[in-house]
Amino acid sequence: MATVRLDRVSKSFGQVKALADVSFECGEGEFFTLFGPSGAGKTTTLELIAGINDRYHGDIYIGDRRMRGVPLQERDIAMAFENYALYPHMTVEENIGFPLRSPRAVSRTEAEINTRVREAADQLGIGQLLDRNPVQLSGGQKQRVSLARALVREPEVFLLDEPIAHLDAKLRAAARANLKDIAHRIGTTIIYVTHDYREALGMSDRICVLREGKVEQIGTPREIYGNPESDFVAHLIGDPVTNLIDGELVVDGDTLWFRSSAISIPLTEGTKARLKDRPTGVVRFGIRPKDVKAHVEEADGSVPMTVFSVERSVDTNLIHIDIGPTIIAAMAPERTALRAGDPVWLDFDADNAMFFDSTFEISK
Ligand code: ATP
């Protein structure tokens, strides 16, 4: 196991600045996730760590060793990509042992190779499958074989680029659990790339959110979800997406209000205390749909609105409300009869609201 440290790493492809001053340190044995939208620089970061690409500014360290000029094959790294790419004509045993038998591998006896293959297979819980061919395996088993093949060299660092992105939603949930179990078993440092926030939140020790080649926030899943430092992170993490509403903080009488063109929400003393660095003025108000309840009747402090659309699912109903510059979402009771055009009253749990500077254009 080793640490991986990036110190102000920048990388351009011609005019495209893929990474700009990216710094982070991933600890020994940590499950560290690079998360961000398409084009954020996740794969580029992995490729620089792996040594696939060696033209960049800044420094990369694996353990104490500076990686500049260290060729790919001398880095103690294994990479697994989305595609399992098992050799169909080889058994599981042969697939896993393949890297150890390649001409480039350190010379080992057959007995040593067999022992190592068995260890890697047992580590991943596939010891009983060694005689099978890939065609006889389930998707999850193939994934484990592919990971065992990457692991067999006992890498210091494991780089995983969207290894389960191609699976459908149901299989993905199982594969997430599978990968978490694998990570636990191997205990190696893992740098994992995904643009799926559920994977990032569900598996990582820490998440590094990348945005247009820059680090936006690094934190534990709890910190990233519970305390996003920007409107961008709040918007990216959460399904349904966090409501973002532009407006102002204004004092009226004894009360601090959030006011936008469509809504006014009184804020509690607790929220006021959280806002001591941002007492009044322009603000982007963020609130997750779970903290906005839609009622069919007026209640104390609720805000009157009109239903724009209703999204029904098995256990929740999401009400969409057009508030002018944007459409926000609220939770309605399970058996709501609300329809588009109906009046609705929204109850904002402002204690859970977030307050940001606006860093991107909100669109409908
Ligand atoms: P995705 O989730 O779509 O894989 P990503 O976060 O992994 O995206 P990168 O693939 O690292 O993003 O790309 C970062 C930026 O660098 C993008 O703007 C991309 O178009 C650009 N880029 C990456 N590789 C190259 C290349 N070989 N030549 C030119 N531009 C590149």
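# A guided tour of the model

The secondary structure of this protein comes to nine helices and 20 strands. Keep in mind as you click around that this is a predicted model.

**Start with everything on screen.** Show the C-alpha trace and you'll see it fill a box of roughly 80 × 45 × 35 Å, taken along the principal axes. Switch on the surface: about 17,900 Å² is exposed, and carbon and sulfur atoms supply 49% of that. Of the 364 residues, 48% are buried. Now think about contacts between residues with a separation of 6 or more: 66% of those join residues 24 or more positions apart.

**Select 92-101 and 110-123.** These are helices H2 and H3, whose axes come within 9 Å and cross at roughly 125°. H2 is therefore oblique to H3, and the crossing is right-handed. Turn on side chains to see who meets whom. From H2, pick Glu-93, Ile-96, Gly-97, Leu-100 and Arg-101; their partners in H3 are Glu-110, Ile-113, Asn-114, Arg-116, Val-117, Ala-120 and Ala-121. Colour this contact by class and you get six nonpolar, two polar and four charged residues.

**Next, select 139-151 and 169-186.** This is another helix pair, H4 and H5, with axes 11 Å apart and a packing angle of about 30°. That makes H4 and H5 roughly parallel to each other, since angles under 35 degrees count as such. H4 passes H5 in a right-handed crossing. On the H4 side, the contact uses Gly-140, Gln-143, Arg-144, Leu-147 and Leu-151. H5 brings Ala-175, Asn-178, Leu-179, Asp-181, Ile-182, Arg-185 and Ile-186. By class, the H4 and H5 contact has six nonpolar, three polar and three charged residues.

**Now go to Arg-8.** Look along strand S1, residues 4-13, to find Arg-8. Check its backbone: phi is near 50°, a positive value in a residue other than glycine. Most residues other than glycine have a negative phi, so that sort of value merits a pause. Is Arg-8 buried or exposed? At 51% relative accessibility, Arg-8 counts as exposed.

**Jump to Glu-212.** Here's another positive phi, about 45°, and Glu-212 is not a glycine either. Glu-212 sits in the loop between strand S9 (206-211) and strand S10 (214-219). With a relative accessible area of 66%, Glu-212 is exposed.

**Move on to Glu-248.** You'll find Glu-248 in strand S11, residues 243-252. Its relative accessibility is 39%, so Glu-248 counts as partly exposed. Which residues does Glu-248 touch, not counting those up to four places away in sequence? Light up Trp-257, Phe-258, Arg-259, Gly-281, Val-282 and Val-283. Then draw a C-alpha to C-alpha distance from Glu-248 to Asp-322: 19 Å in space, with their positions 74 residues apart in sequence.

**Finish at Ser-309.** Select strand S16, residues 303-312, and Ser-309 is in there. At 25% relative accessibility, Ser-309 counts as partly exposed. Leaving aside neighbours within four places in sequence, Ser-309 is in contact with Leu-318, Ile-319 and His-320. For a last distance, join the C-alpha atoms of Ser-309 and Gly-341: they are separated by 7.9 Å, though the two residues are 32 residues apart along the chain.

Key: Residues numbered from 1 in each chain as written. Predicted model: local features only at pLDDT ≥ 70, side-chain atom pairs only at ≥ 80, totals over all residues. Heavy atoms only, no water. Axes fitted to C-alpha atoms, helices over the stretch in contact; angles between N-to-C directions. Helix = DSSP H or I, 4+ residues; strand = E, 2+ residues; numbered from the N terminus. Parallel < 35°, antiparallel > 145°, perpendicular 65-115°, else oblique. Left-handed = near helix turned anticlockwise from the far one by under 90°. Contact = heavy atoms within 4.5 Å. Nonpolar A, V, L, I, M, F, W, Y, C, P; charged D, E, K, R; others polar. Buried < 20%, exposed > 50% of the residue type's maximum accessible area, 1.4 Å probe, protein only. Areas by Shrake-Rupley, 256 points an atom, 1.4 Å probe, with all protein chains shown as cover.
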